[in-house]
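Please open the model in a viewer with the backbone drawn as a cartoon. The tour below proceeds by selections, each followed by a note on what is to be found there.

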Amino acid sequence: MKGICKLCAKNDDLRESHFIPKFVGKWIKKTSVTGYIREKNEVQKRAQDIAKEHWLCGDCEQLFSRWEREFANKVFYPFVNEGKSVASYGNWMSKFCASLSWRTLTYIRSKNPNDENDGERKVLLDAAQEHLRKYLISEADNLNQYEQHLFPLEKIESTDSQDLPPSINRYFLRIMGMDIVGNSTDQYVFTKLPSFMLLGVIKARNVKPIRSSRIAVNSGVLSPKKYRWPDGLASYIFEKADEIIELHQRIPQMHLESFDKYIRENPEKVIKSRQFQAFLDDYERFGDDVFS
């Protein structure tokens with residue numbers, strides 16, 4: 001397909017580009033019970049792949065692929081498959097995170113053009129999107145105010161909070177998502193991967209409280225530490241976690257019956273799947289509330 005690359009603006013052959021990196025979708029499928037994915041907006045269908053469109057030329061697709069490969073091999077797989085919690089990174093990490101935020105921002109805006117009737121909001125998002133684009137193609141050497149904040153997520157075994165949804169571990173460990181979140185004073189690009197959450201700053205009154213999650217532009221270490229979410233984000237996270245049970249209830253009955261039959265016929269595979277383990281993590285923490 002011929003067209004204008006959304007990153008470098010060249011008129012070239014366009015590749016099908018994944019908004020959430022392809023390796024993430026492949027891991028979700030491989031570690032699921034049945035080997036399928038269900039999209040939130042089409043929960044009645046089983047999907048083989050995650051959202052993609054003809055957005056990037058071959059050169060820009062290769063650029064993203066290099067950063068994805070570094071993150072997958074040095075961070076994602078060691079964390080989700082081996083239980084590691086420390087990883088050193090180079091400049092590729094800030095590029096990878098910025099590429100995720102740029103993809104999420106451009107994708108969400110393309111799907112919700114009516115959200116930008118507010119001229120001030122449009123100017124704000126235009127500026128963030130353009131600076132991220134320039135950073136990715138090395139026309140800007142710094143992220144400036146558009147910091148990238150990465151939060152590793154592990155299963156919650158115990159907590160003092162009484163407000164946790166009974167699907168929180170499944171949300172942390174399994175769910176993918178893209179959004180623009182915030183209020184009149186703070187705005188973030190939100191990208192959710194299994195076991196990771198990325199916030200790209202659009203604007204914020206004060207980023208010091210969340211500084212521990214900031215990805216350094218040149219190099220750094222991802223490690224266990226005290227992380228803090230921006231004010232108000234917890235309620236958004238809990239709302240998204242609650243949707244898991246709601247979406248499950250919208251799956252057609254014939255699909256649920258087929259799923260139950262598959263479980264009975266393949267108990268060993270089911271028990272070994274990460275999808276089932278995440279469900280057990282919730283069950284061990286919340287009991288029968290996971291079914292309601």
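Select residues 11-18, strand β2, together with β5: the two strands run antiparallel and are joined by 5 bridges. The model is a predicted one. Within this pair, look for histidine 18, which stands opposite lysine 52 of β5.

Next, add helix α3, residues 91-111. This helix packs on the sheet and touches β2 and β5, and its direction makes about 125° with that of β5.

Now extend the selection to the whole sheet. It is open, has 3 strands in the order β1-β2-β5, and its pairing is antiparallel. Which strands stand at the edges? They are β1 (2-4) and β5 (52-57); each has a single partner strand, so one side of each is left without a neighbour in the sheet. Viewed along the sheet, neighbouring strands are turned by 65° against each other on average, direction ignored.

The second sheet is the next stop. Select β7, β10, β9 and β8, which in that order form an open sheet of 4 strands with antiparallel pairing. The edges are held by β7 (148-152) and β8 (177-182); because each has a single partner strand, one side of each lacks a neighbour in the sheet. Here the average turn between neighbouring strands is 20°, direction ignored.

Within this sheet, isolate β7 and strand β10 (residues 196-203), whose antiparallel pairing extends over 5 bridges. Display leucine 150 and its bridge partner in β10, leucine 198.

Two helices should then be added. Helix α4 (residues 119-136) packs on the sheet, where it touches β7, β8, β9 and β10; the direction of α4 makes about 120° with that of β10. Helix α2 (residues 58-82) lies across β7, β9 (187-193) and β10, and runs at about 125° to β10.

The final selection is helix α9, residues 274-286. How far apart are its end C-alpha atoms? The distance is 18 Å, which agrees with the span expected for 13 residues at 1.5 Å a residue. Show the side chains of Ala278, Asp281, Asp282 and Phe286, which are buried in the model. These four lie on the same side of α9, because they cover an arc of only 105° around the axis. An α-helix has 3.6 residues a turn, so residues three or four places apart point the same way. To see what the buried residues of α9 pack against, display α5 (168-174). Finally, centre on glycine 287, which follows α9 and has a positive phi near 65°.

Notes:
Residues numbered from 1 in each chain as written. Predicted model: local features only at pLDDT ≥ 70, side-chain atom pairs only at ≥ 80, totals over all residues. Heavy atoms only, no water. Expected span 1.5 Å × (residues − 1). Buried < 20%, exposed > 50% of the residue type's maximum accessible area, 1.4 Å probe, protein only. Arc of directions from axis to C-beta. Contact = heavy atoms within 4.5 Å. Pairing = 2+ DSSP bridges. Axes fitted to C-alpha atoms, helices over the stretch in contact; angles between N-to-C directions.
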